[in-house]
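Welcome! Take a moment to look over the sequence and the 3D view, and then we will walk through a few spots together.

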Amino acid sequence: MATIDLFRKIILLSEGACDQDFPHIVIDNNSKIPDRTAFILGEGVNPTSMLIESAVKLVQFGAQVLVMPCNTAHYFYDAINEHLIAKFGVDSVVFLNMIEETVKVVIESGQQKVLLLATDGTLRSGLYQEAFSANGIDTVTLVEHEQRIIMRMIYDYKAGVREFDVDFLRQIVANGEGMAYVLGCTELPLVFEIAELIDRVINPTEILARRAIEELI
């Protein structure tokens, strides 16, 4: 569903009057890639080789811009990118980094503090925290019991659940008054849409869609 969300956003944000005006999009929706969070937490299979395989297939098919609609998978971004450069050359493909692009948007917003909502894997990786810190931005995360609820929402959405504790999400947003709210998991924008709170947050999926379109223009 996160992949569909990105695909839909690219289409909706593209300025096209007919079919031929829209970008040519190729998707490798490989649901067999092992759970990224599980591996980062030391509890699962390393997904790196399968992520690389997907990236290589897309480039061989003709893709010039690659995007990966999974924040947690960016833990493996460098390994994938290094393989692409070694195999195809430095300038063969643009591989957008969702984390970096989101941090740029937060910097441009002038915010000095963010509340990061993400998987345990993304939080453990420190990808967002390190990038924000390097730019003088403080990162706040949820307390343990709140993080467990967010993780359950993420995996419930993957499992087909579409009813969530909206009051909990509203309270999270209210408690973070004065901060930017970054949805560091691509299932969370879908959950926040259900809760009608999507206009209150920074959505990396939408940021990635906009950047992909810019690269294709």
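In which helix is the place of Thr122? Thr122 sits in helix H6, which covers residues 120-125. Keep in mind as you explore that this is a predicted model.

## Thr122 and its surroundings

Let's stay with this threonine for a moment. Its relative accessible area is 1%, so Thr122 counts as buried.

Who are its neighbours? Leaving aside residues up to four places away in sequence, Thr122 touches Asn71, Thr72, Leu127, Tyr128, Gln129 and Gly184.

## Two helices that cross

Now turn to a pair of helices. Two packed helices are described by the angle between their axes and the distance between the axes. Here the pair is helix H3, residues 48-61, and helix H4, residues 77-88; their axes come within 9 Å and cross at roughly 45°. H3 and H4 are therefore oblique to each other. The crossing of H3 past H4 is right-handed.

Which residues make the contact? From H3 come Thr48, Leu51, Ile52, Ala55, Val56, Val59 and Gln60, while H4 brings Ala79, Ile80, His83, Leu84, Lys87 and Phe88. Sorted by class, the contact of H3 with H4 has 9 nonpolar, 3 polar and 1 charged residues.

## Val93, just along the chain

Follow the chain on from H4 and you can find Val93 in the loop between H4 and strand E2 (94-95). With a relative accessible area of 14%, Val93 is buried.

Not counting residues up to four places away in sequence, Val93 touches Val59, Ala63, Gln64, Val65, Leu66 and Leu84. Two of these names may look familiar: Val59 of H3 and Leu84 of H4 also belong to the contact between those helices. For a sense of scale, try finding Glu196 as well: Val93 and Glu196 are 103 residues apart in sequence, and their C-alpha atoms are 36 Å apart in space.

## Two cysteines without a bond

How many disulfides are there? The count comes to 0. To see why for Cys70, look at its sulfur: the closest cysteine sulfur, in Cys185, is 6.9 Å away, and that is too far for a bond, because a disulfide needs the two sulfur atoms within 2.5 Å. Cys185 is likewise in no disulfide, with the sulfur of Cys70 as its nearest cysteine sulfur.

Are these cysteines buried or exposed? Cys70 has 15% relative accessibility, so Cys70 counts as buried. Cys185, at 4% relative accessibility, counts as buried too.

How values were computed: Residues are numbered from 1 along each chain as its sequence is written. This is a predicted model: local features need pLDDT of at least 70, side-chain atom pairs count only at pLDDT 80 or more; totals for chains, interfaces and linings use all residues. Side-chain values use heavy atoms; hydrogens and water are left out. Axes are lines fitted to C-alpha atoms, for helices over the stretch in contact, and angles run from 0 to 180 degrees between N-to-C directions. Helices (H or I, at least four residues) and strands (E, at least two) are DSSP runs, numbered from the N terminus. Angles under 35 degrees count as roughly parallel, over 145 as roughly antiparallel, 65 to 115 as roughly perpendicular and the rest as oblique. A crossing is left-handed if the near helix is turned anticlockwise from the far one by less than a right angle, and right-handed if clockwise. Contact means heavy atoms within 4.5 Å. Ala, Val, Leu, Ile, Met, Phe, Trp, Tyr, Cys and Pro count as nonpolar, Asp, Glu, Lys and Arg as charged, and the others, Gly among them, as polar. Buried means under 20% relative accessible area, exposed over 50%, partly exposed in between (1.4 Å probe, protein chains only).
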